[in-house]
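I sat down with this one and a coffee to look up a few things. My notes follow the order in which I checked them.

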Amino acid sequence: MAISLQENERLDDLQRNGLKIIQKRDGFCFGMDAVLLSGFAKIKSGERTLDMGTGTGIIPLLLSAKTKGAYFAGLEIQAEMAKMAARSVALNGLEEKIEIIQGDIKEAGKLFKAASFDVVTANPPYMNDAHGLKNPMEEKAVARHEILCTLEDVIREGAGLLKTGGRMYMVHRPHRLAELIGLLSKYRMEPKRLKFVHPYLDKAANMVLIEAVRGGGAWLKLEAPVIVYKEPGMFTDEIYEIYGY
């Protein structure tokens with residue numbers, strides 16, 4: 001489908017099944033964390049998935065190419081971002097498989113039926129009011145700081161939309177891991193898989209990937225870490241595999 005780019009937009013090749021995505025030239029663009037989450041999440045054939053705070057729609061797009069899931073919804077509060085994500089879906093001819101909904105994560109339980117998804121994914125803002133300086137550009141600030149929703153909002157609403165045995169996949173920062181696990185437990189989401197992400201082999205982890213199961217039993221597997229770079233400018237083989245090169 002032909003889509004006209006608007007001022008300050010660019011078209012990026014996702015290197016997966018011919019997929020392309022529309023992004024702002026100087027606005028928020030997807031990063032390594034979204035790609036890593038799409039590689040960590042396990043979506044089974046026929047499953048329904050909700051991506052909370054979908055932004056450009058990158059995670060539903062990548063999961064539609066990497067998995068055999070039947071339906072992917074992307075929830076995004078920012079109207080302009082949601083429209084751009086929907087245009088990327090149309091550009092790739094995926095309207096019957098991916099749906100972008102403009103709405104507030106805090107109201108997700110009113111937008112969707114309870115226990116209507118098998119999987120929820122989330123790449124939520126990493127910083128709360130106590131962490132770091134806010135970006136002066138609104139869409140970047142919303143993506144990085146808990147301005148419009150908190151970590152608890154994401155987990156509470158996501159848990160309520162999952163079937164019993166449904167899975168939530170998240171990427172976050174290690175410094176908030178204790179808080180993250182505590183909130184998951186509060187909403188009956190049992191952590192099952194944990195994987196740290198290190199920029200280099202000899203550097204501390206700067207991201208953590210986690211899978212939690214609604215109503216699951218107590219059993220947590222700490223998986224081998226992901227190392228992003230062999231050396232400056234050169235990804236490890238695992239990263240190239242996740243990207244699909």
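**Overall build**

I began with burial: 54% of the 245 residues in the protein are buried. For that I used relative accessible area with a 1.4 Å probe and protein chains only: buried is under 20%, exposed is over 50%, and partly exposed is in between. I am working from a predicted model, where local features need pLDDT of at least 70, side-chain atom pairs count only at pLDDT 80 or more, and totals for chains, interfaces and linings use all residues. Residues are numbered from 1 along each chain as its sequence is written, and side-chain values use heavy atoms, with hydrogens and water left out.

Next I looked at secondary structure and found eight helices and 13 strands. These are DSSP runs numbered from the N terminus, helices being H or I with at least four residues and strands E with at least two.

What does the radius of gyration say about the protein? It is 17 Å, which agrees with the value near 18 Å for a compact globule of 245 residues. The radius is taken over C-alpha atoms, and the globule rule is 2.2 Å times the number of residues to the power 0.38. Along the principal axes, the C-alpha atoms fill a box of roughly 50 × 45 × 40 Å.

I also checked contacts, meaning heavy atoms within 4.5 Å. Of those with a separation of 6 or more, 70% are between residues 24 or more positions apart. The exposed surface is about 11,500 Å², and carbon and sulfur atoms supply 53% of it. That area comes from the Shrake-Rupley method with a 1.4 Å probe.

**A loop residue: Thr56**

I looked up Thr56 and found it in the loop between strand S3 (48-52) and helix H2 (58-66). Is Thr56 buried or exposed? It is buried, with a relative accessible area of 0%. Leaving aside neighbours within four places in sequence, the residues in contact with Thr56 include Ile21, Ile22, Phe28, Phe30 and Met81.

**Salt bridges**

I counted 15 salt bridges, taking a side-chain nitrogen of Lys or Arg within 4 Å of a carboxyl oxygen of Asp or Glu.

I picked out Glu47 and Arg167, whose closest N and O atoms are 2.6 Å apart. Glu47 is in the loop between helix H1 (32-40) and S3 and Arg167 is in strand S7 (residues 162-172), so this pair ties together parts 120 residues apart in sequence. Glu47 is buried at 10% relative accessibility, and Arg167 is buried at 9%.

Then I took Arg156 and Asp153, with closest N and O atoms 3.1 Å apart. Both lie in helix H6 (residues 151-161), three residues apart, about one turn of the helix. Arg156 is partly exposed at 28%, whereas Asp153 counts as buried at 10%.

My third pick was Asp237 with Lys230, at 3.4 Å between the closest N and O atoms. Asp237 counts as exposed, at 54% relative accessibility. I also noted a network in which salt bridges that share partners join Arg193, Lys195, Glu211 and Glu223.

**Rings**

How many aromatic pairs did I get? The count is six, with rings of Phe, Tyr and Trp (its six-membered ring) pairing if their centres lie within 6.5 Å; planes under 30 degrees apart are stacked, over 60 edge-to-face, and the rest tilted. Phe235 and Tyr240 make an edge-to-face pair, 5.6 Å centre to centre with 75° between the planes. Phe235 is buried at 18%, while Tyr240 is partly exposed at 29%. These two belong to one aromatic cluster with Tyr200, Tyr229 and Tyr243.

I then checked for charges over rings, meaning NZ of Lys or CZ of Arg within 6 Å of the ring centre and within 35 degrees of the ring normal. Arg193 lies over the face of Phe40, 3.9 Å from the ring centre. The charged end of Arg48 sits over the ring of Phe117, at 5.0 Å from its centre.

**Positive phi**

Last, backbone angles. Asn17 is not a glycine, yet has a positive phi of about 55°. Its place is the loop between strand S1 (9-13) and strand S2 (20-24), and Asn17 is exposed at 64%. Arg188, also not a glycine, has a positive phi of about 60°. I found Arg188 in the loop between helix H7 (177-186) and strand S8 (189-198), exposed at 52%.
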